[in-house]
Amino acid sequence: GDSHTAADFWTDAVRQRLWDELPAGGAGFVYLGLDHYRHSRVAIDVKGDWLRSPSAPSTSSKTDDGVFGLGGIRTSPASADASVKLTPRSGSVVGDAMWTVWFRMTDARSSFRVALGSQSRVVRGKQVGQVETIKLRGGSAESLEIRAQAGRPQLMGATIEGSKPGVVLDTV
């Protein structure tokens, strides 16, 4: 059953029933840079090559340093053309879209470019090796795009929530 939950089949059925009664609060947690990943409330377009850690969905042995974020997976751009674009589906966000991206920089030169609507900037970590966040606010239909810039930034995932109160059901 966990694959139906992670692929947002069962969770979206529950989410939709909740949204039939209460306002939509946003799509919630979304993985970044994974091929063959779907979320019912977000269109995801992954380009280029990405590294995933751990390479298997779960393992009983320690992998790397064990820091993978909320979803238990982290990704890093592995090619210069690596990008991921997330577009909320209609009705998924009430009010403005409030995005949070979790990341960690592996060294001082690592960075990535993030764009939301007409906003665009290069993100560099403040503390190498520490999980950090960047928060962005945009229109409910605007796409968030993350592009490879330099080094090997590690992306732990993103959340999208509306600026107005509502129900969020994450797929973790």
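Buried means under 20% relative accessible area, exposed means over 50%, and partly exposed lies in between (1.4 Å probe, protein chains only).

The model used here is predicted, so local features need pLDDT of at least 70 and side-chain atom pairs count only at pLDDT 80 or more, while totals for chains, interfaces and linings use all residues. Residues are numbered from 1 along each chain as its sequence is written, and side-chain values use heavy atoms, leaving out hydrogens and water.

**Exercise 1.** Place Arg104 in the fold, decide whether Arg104 is buried or exposed, and list its side-chain polar contacts.

*Solution.*
- Step 1: Find Arg104 in strand β7, residues 97-104; strands are DSSP runs of E, at least two residues, numbered from the N terminus.
- Step 2: Arg104 counts as buried because its relative accessibility is 7%.
- Step 3: Look for polar contacts (N or O atoms within 3.5 Å; within protein, one must be able to donate a hydrogen and the other to accept it, and residues adjacent in sequence count only if both atoms are side-chain atoms). The Arg104 side chain makes one of 2.8 Å with the side chain of Asp65 and another of 2.7 Å with that of Gln154.
- Step 4: Widen the search to contacts, meaning heavy atoms within 4.5 Å. Leaving aside residues up to four places away in sequence, Arg104 touches several residues, including Val67, Arg74 and Met156.

**Exercise 2.** Work out how strand β11 is built into its sheet.

*Solution.*
- Step 1: Two strands pair if DSSP finds at least two bridges between them.
- Step 2: On one pairing, β6 (residues 83-88) and β11 (residues 144-150) run antiparallel with 4 bridges; Ser83 stands opposite Arg147, and Leu86 has Leu144 as its bridge partner.
- Step 3: Next, β8 (residues 111-116) joins β11 through 6 bridges, again antiparallel, with Ala115 partnered by Glu145.
- Step 4: Put together, 5 strands make an open antiparallel sheet in the order β3-β6-β11-β8-β9. Because β3 (42-47) and β9 (119-124) each have a single partner strand, one side of each is left without a neighbour in the sheet.

**Exercise 3.** Characterise the ring pair of Phe29 and Tyr31.

*Solution.*
- Step 1: Rings of Phe, Tyr and Trp (its six-membered ring) pair if their centres lie within 6.5 Å; planes under 30 degrees apart are stacked, over 60 edge-to-face, and the rest tilted. The count is 3 aromatic pairs.
- Step 2: Phe29 and Tyr31 lie 5.1 Å centre to centre with 85 degrees between the planes, giving an edge-to-face pair.
- Step 3: Phe29 is buried at 1% relative accessible area, and Tyr31 is buried at 10%.
- Step 4: Add Tyr37, and the three residues Phe29, Tyr31 and Tyr37 form one aromatic cluster.
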